Amino acid sequence: MEITNVSEYEAAAKEKLPKMVFDYYASGADDQWTLKENREAFSRILFRPRILVDVSRIDLTTTVLGHKISMPIMLAPSAMHKMAHPEGENATARAASAAGTIMTLSTLATSSFEEVSSTGPGIRFFQLYVLKDRNVVAQLVRRAERANFKALVLTADTPILGHREADVKNRFVLPPSLILKNFEGLDLGKMEKTNDSGIASYFANQIDRSLSWKDIKWLQTITSLPILVKGVLTQEDARLAIQNGVAGIIVSNHGARQLDYVPATITALEEVVKAVEGQVPVFLDSGIRRGTDVFKALALGASGVFVGRPVVFSLAVDGEAGVRKMLQMLRDEFELTMALSGCTSLMEITRSHVITPSDMHRATSRL
């Protein structure tokens, strides 16, 4: 089957992957309401296109934390890429570099910092889970710095892993041929098969549930890398993030894998953007499947977006080439949306280009 849009990679990956692996990547928490809502909320935002604009030249480039990239579409952190494809995160890194964009390596990667760095040049961020053993955290940060990673992405919505029923049913555990490569040589135990989700049990033993805003200050004492905080959904937390000196905010609900019945990120975005008042860039992940989604996020104030599941699904289907094609599809669709909306640069994408449900509600309440 010829794949003509990003969502089709999911069905194709389901055909190729073991059920336990596919379900791990695809599922959300509890009733999976937020998982569905992450997509459906985009469908409720409509366009207000402008016509008769010269769109013969369109510039998609942008700058993120001082790094110029080819488009405002980046790769979110996702765990254990070698479950999807033998080349794992190395293939993902090469695809991101070829696309001229940023890859975020997960703490729970199956390729190490050093292996990813050795794939060649590229702008890479490191997603950090803060573990109970702070010496291990400091080691991971130092290794990221030495491997020329450019920023830390602190995942802040995971003091405990969300309840993912598919992982419980499947007794999810990392396949025996694979290891969490960044933990190799560290005394952090192994992910064992349990009567529950193996990863939830392992995570509960390792993650520091006491993590709080003061730990951002601690991270700033051990690294000069800029810190993005990932998992912000409210204006209150956006303000606290600014007060604690973060370099950027990622509006994220962890791909609907943590707390179910939180809003879609595209719904939460404007509240966060307004609270930040332009002091730091705000990004969005969770639910991006179309170039139109990217445009909508930028129109509502995001500086860029991160894609998660499409990376592992396209990797599963066709390795590095699959990830390259997936990123090219999003790029082409985004460029088309810009052209048909009358925008020739990211600066020209404004709030006036979209209508949200709250806009419609305000309009009808005035009648």
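Below, a colleague asks a modeller how the labels on this predicted model were earned.

Colleague: Before we start, what are the ground rules?

Modeller: It's a predicted model, so local features need pLDDT of at least 70 and side-chain atom pairs count only at pLDDT 80 or more, while totals for chains, interfaces and linings use all residues. Residues are numbered from 1 along each chain as its sequence is written, and side-chain values use heavy atoms, with hydrogens and water left out.

Colleague: How many helices and strands does the chain have, and what counts as one?

Modeller: There are 14 helices and twelve strands. Both are DSSP runs numbered from the N terminus: H or I over at least four residues for a helix, E over at least two for a strand.

Colleague: What makes the chain as compact as a globular protein of its length?

Modeller: The globule rule is 2.2 Å times the number of residues to the power 0.38, and the radius of gyration is taken over C-alpha atoms. For 367 residues the rule gives 21 Å and the chain comes out at 20 Å, which is close, so the label fits. Also, 57% of the residues count as buried (under 20% relative accessible area; exposed is over 50%, partly exposed in between, with a 1.4 Å probe and protein chains only).

Colleague: Why are strands 8 and 9 called paired?

Modeller: Two strands pair if DSSP finds at least two bridges between them. Strand 8 (residues 227–232) and strand 9 have four, and they run parallel, so they pass the definition. Leu 228 stands opposite Gly 248 there. Strand 9 is also joined to strand 10 (residues 282–285), again parallel, by three bridges, with Val 251 partnered by Leu 284.

Colleague: And which way do the residues of strand 9 point?

Modeller: Gly 248 and Ile 250 go one way, Ile 249 and Val 251 the other, and all are buried.

Colleague: What makes a crossover right-handed?

Modeller: Point the strands away from you: the path from the first strand over the helix to the second has to run clockwise. Strand 8, helix 10 (residues 235–243) and strand 9 form a β-α-β unit of that hand, and strand 9, helix 11 (residues 265–276) and strand 10 form a right-handed one too.

Colleague: How many aromatic pairs are there, and how do you know a pair is stacked?

Modeller: The count is eight. Rings of Phe, Tyr and Trp (its six-membered ring) pair with centres within 6.5 Å; planes under 30 degrees apart are stacked, over 60 edge-to-face, the rest tilted. Tyr 24 and Phe 172 sit at 4.5 Å centre to centre with 15° between the planes, hence stacked. They are 148 residues apart: Tyr 24 is in helix 2 (residues 19–26), Phe 172 in the loop between helix 7 and helix 8. Tyr 24 counts as buried at 5%, as does Phe 172 at 0%.

Colleague: Why is the pair of Trp 33 and Tyr 261 called stacked?

Modeller: Their centres are 5.6 Å apart and their planes at 15°, so stacked holds. Trp 33 lies in helix 3 and Tyr 261 in the loop between strand 9 and helix 11, so the pair ties together parts 228 residues apart. Trp 33 is partly exposed at 35%, whereas Tyr 261, at 51%, is exposed.

Colleague: What makes Leu 52 exposed?

Modeller: Its relative accessible area is 87%, so exposed it is. Leu 52 is in the loop between strand 1 and strand 2, and its phi is near 55°, a positive value in a residue other than glycine. Most residues other than glycine have a negative phi.
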